[in-house]
Structures are given as structure tokens and as C-alpha cells.
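The report below takes up the charges and overall make-up of a chain, and then turns to one of its helices.

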Amino acid sequence: MERKENIVVRKSEEFANRIVRMCKYLAKKKSGDDDALRQIYRSGNSIGANIAESQYAQSRPDFLTKLTIALKEANETHYWIGRLYAGQILTEKEYESINSDNEEIIKLLTSITKKIKQPQ
């Protein structure tokens with residue numbers, strides 16, 4: 001039986017791939033903000049990891065917990081993207097592109113978690 005595509009899983013995987021490529025690029029460029037790169041690498045990949053874990057949650061509350069953690073990580077990633085832009089490590093175009101993807105994931109996760117919290 002074929003599984004239906006899960007948009008938030010796909011988008012979080014694509015986003016994690018972008019984060020990895022961005023960090024590699026900025027590390028080669030010697031941006032000078034290694035702490036921010038480590039943090040955004042961790043939080044940007046944690047989004048997808050928590051979403052992946054949620055797919056095999058043991059209960060509805062467990063599912064909500066995993067997605068809430070993913071949302072928190074997406075918000076942390078938003079913070080680090082902003083710091084890289086403010087520090088002129090990301091250009092405006094780079095910032096807008098990756099921030100747009102991150103905001104889309106935040107909107108998806110916000111919508112899903114709100115729906116889960118509604119009484120059945």
C-alpha cells in the first residue's frame with residue numbers, strides 16, 4: 001500500500017537539506033559566526049527530526065508534543081536566521097529565501113497543533 005505524501009514531512013526534509021547546504025557554504029566563506037552556524041544547524045535539522053518522530057507517536061498527546069517541539073525548533077531557527085542577517089552574514093536575498101521556507105513550516109505546524117488541541 002502506498003503512503004500518501006505528507007507535506008510537512010517533505011517540507012521539513014527539504015528545509016533541513018537547505019540548512020545543511022547553507023551552513024557548509026557559510027563555513028567555507030569563513031563568516032566568523034561559528035556559534036550561530038552550529039545553533040542553526042542543530043535547530044534547523046531538529047524540526048524535521050521531531051516531525052519524523054511524530055509520525056510514529058504512541059498517542060495523540062505524544063503526537064502533539066513532538067509537533068510542538070518541532071514548532072519551538074522552527075521558531076529558534078527563525079531567531080538564528082535573523083541573527084545571521086543582522087550580522088550581514090546572509091544577504092537580503094538569501095535571508096528572504098530561507099526565512100520564507102522557515103515561516104511556511106511555522107505556519108503549517110501552528111495550524112496542525114491548533115487543530116490537534118481542539119476537542120474531538
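## Charges, overall make-up and helix H3

In this predicted model, the mean positions of the 21 positive and 17 negative charges of the chain lie 2 Å apart, where Lys and Arg count as positive and Asp and Glu as negative, with His and the chain ends not counted, and where each charge is placed at NZ of Lys, CZ of Arg, CG of Asp or CD of Glu. Residues are numbered from 1 along each chain as its sequence is written. Local features need pLDDT of at least 70 and side-chain atom pairs pLDDT 80 or more, while totals for chains, interfaces and linings use all residues, and side-chain values use heavy atoms, without hydrogens and water.

The chain holds four helices and zero strands, these being DSSP runs (helices H or I of at least four residues, strands E of at least two) numbered from the N terminus.

| Property of the chain | Value |
|---|---|
| C-alpha box along the principal axes | roughly 50 × 30 × 20 Å |
| Accessible surface (Shrake-Rupley, 1.4 Å probe) | about 7,800 Å² |

Of the 120 residues, 37% count as buried, meaning under 20% relative accessible area with a 1.4 Å probe and protein chains only.

Helix H3 covers residues 60-86, and because its 27 residues at 1.5 Å each should span 39 Å, the 39 Å between its end C-alpha atoms agrees; the expected span is 1.5 Å times one less than the number of residues. Among the buried residues of H3 are Leu64, Leu67, Leu71, Trp80 and Ile81, as well as Lys66 and Glu73. Their cover includes helix H1 (7-28), helix H2 (34-54) and helix H4 (92-117), with contact meaning heavy atoms within 4.5 Å.

Methods. Buried means under 20% relative accessible area, exposed over 50%, partly exposed in between (1.4 Å probe, protein chains only).
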